[in-house]
Amino acid sequence: MSLRRDLSVRTRMTLLSCVVMTLLCTALSGVILVSAHEHATDDRNDRILLADVHTVRQILRDPLPSVLPDHRIAVLQVVAPDGRIVAANARMLGSPRVASFTPRGQSVRADQIICDLPRFPHRCLMVVAVKIDRPGGEWLIYGADPVVAWYVDLSLLAALLLGSMLLIGATAIGAYRTVSRTLDPVDAISAELAEIASTDLGRRVPVPEHRDEIWTLADTANRTLARLEATVEQQRRFASDASHDLRSPLTAIRTQVEESLLHPDQARWPATARAVLAGVDRLEAIVGDLLTLARLEFGAGRADDRLDLSELAGSELARRAPLTGVAADLRPGVLVRGDRLELARLLTNLVDNAARHATSTVTVSVRREGDTAVLEVADDGPGIPPGQREIVFQRFARLDAARSKDKGGTGLGLAIARESAHRHGGELNVEDSASGARLVLRIPLAS
């Protein structure tokens, strides 16, 4: 079993082709040998019968010579009615009767296979007995010849063996070369993938000309490399942005503490503590959002409850601290399946984002559109330019000063919201609005 697993595809396919061809050659050779054996047996039987008929003619012509021509058979004997052997071919002179059976009834012919005769030890003979009626009784003519071997003839067996070996050899060579040509692109793909490192993900594997399974493999590998390159680049940007966003509050905390330590008598320690605590709160918020985003991206399990999206939105808005200018249009009966905590967090992130950038009003609405539940959060702030509507969903994304996360956000809220939307089989996008920004969540209704 281990050896079979270690064999290459070329070797396995070549061996399989050889086994199949061997079976075919064996079956074909068997058919040929059976057919040739039957034909040779019939021919030998006819030759023995013809020798018996020639002997009958000699008996009828009289006188019968004591030494008969062999007519190309091994045994030829004539037995008189009294049981005496009155004539035989030269080889059988002085030998006892080759057989004792006789044709029965009205039949003039009988056949038998007899083995281990004194003159033919360890051999079997095909014996044909012919009966004729003459004055004085019945005469018997026995003709016999060795039975046909299973291989018919050594030259036929040698020809079949040689032909089979040539066919099997040609099959092995053809199969190996064909599989090798087929797998050459796979070898090229493997070699290219082996050389690709994280520093050169822009490389692609060679794509064969023919649109076959190998082409599909190469195309899939290239698309996977493209996604991997984009993911790695995104991770690099994320690491760079995260390090910057984490360093900023750390630097501020360190500066405030160092200034207070340089002049401890003049320092206002309560104010310094409050400033440090604010920085720690910001660090805690960033780290918490990073952990939440990582949990979502790595496919953590979620609940699959049947929820009323309007009721969920209403309860979450009621739990929040009073916000000026929040308008809600929540139509009942918008049922979805999902995780209550994730959807609540998604709504909170959208409302927090809108509240940070609204001039006076934030609008939250829930409605049905066909088989889709729609949650919409809009503000009357400066809005988001069309060219930057996807950028806002990137982690630590920075737009212009008008919609900067420095006004209180961590830069991860919208990224978390979109990931939650995808986990619920939906989409979260920025859509057109008369003024401000309008973020729209669409997820399937509960069946």
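## Exercises on the helices of a predicted model

Helix 3 spans residues 154–195, and its 42 residues stretch 59 Å from first C-alpha to last, close to the 62 Å expected at 1.5 Å a residue. Keep in mind that this is a predicted model.

**Exercise 1.** Find where helix 3 has a kink, then list residues of this helix that are buried.

*Solution.* Begin with the bend: helix 3 has a kink of about 40 degrees at Leu183. Now look a little further along, and you meet the proline Pro185 shortly after the kink. Next, turn to burial: the buried residues of helix 3 include Leu157, Leu160, Thr171, Ala175, Val179, Leu183 and Glu192. Leu183 is thus one to mark twice, as the site of the kink and as a buried residue.

**Exercise 2.** Is Glu316 buried or exposed?

*Solution.* First locate Glu316, which sits in helix 6 (residues 309–319). Then compare its relative accessible area with the cut-off: buried means under 20%, and Glu316 has 11%, so Glu316 is buried. Finally, check its company: leaving aside residues up to four places away in sequence, Glu316 touches Ala344, Leu347 and Thr348.

**Exercise 3.** Describe how helix 7 and helix 8 cross.

*Solution.* Two packed helices are described by the angle and the distance between their axes. For helix 7 (residues 340–357) and helix 8 (residues 413–423), the axes come within 9 Å and cross at roughly 145 degrees. The crossing is left-handed. Among the residues that meet are Arg345, Leu346 and Asn349 from helix 7, with Leu414, Ile416 and Ala417 among those from helix 8. Sorted by class, this contact has 6 nonpolar, 4 polar and 3 charged residues.

How values were computed:
Residues are numbered from 1 along each chain as its sequence is written. This is a predicted model: local features need pLDDT of at least 70, side-chain atom pairs count only at pLDDT 80 or more; totals for chains, interfaces and linings use all residues. Side-chain values use heavy atoms; hydrogens and water are left out. Axes are lines fitted to C-alpha atoms, for helices over the stretch in contact, and angles run from 0 to 180 degrees between N-to-C directions. Helices (H or I, at least four residues) and strands (E, at least two) are DSSP runs, numbered from the N terminus. A crossing is left-handed if the near helix is turned anticlockwise from the far one by less than a right angle, and right-handed if clockwise. Contact means heavy atoms within 4.5 Å. Ala, Val, Leu, Ile, Met, Phe, Trp, Tyr, Cys and Pro count as nonpolar, Asp, Glu, Lys and Arg as charged, and the others, Gly among them, as polar. The expected span of a helix is 1.5 Å times one less than its number of residues. The bend at a residue is the angle between axes fitted to the seven residues ending there and the seven starting there. Buried means under 20% relative accessible area, exposed over 50%, partly exposed in between (1.4 Å probe, protein chains only).
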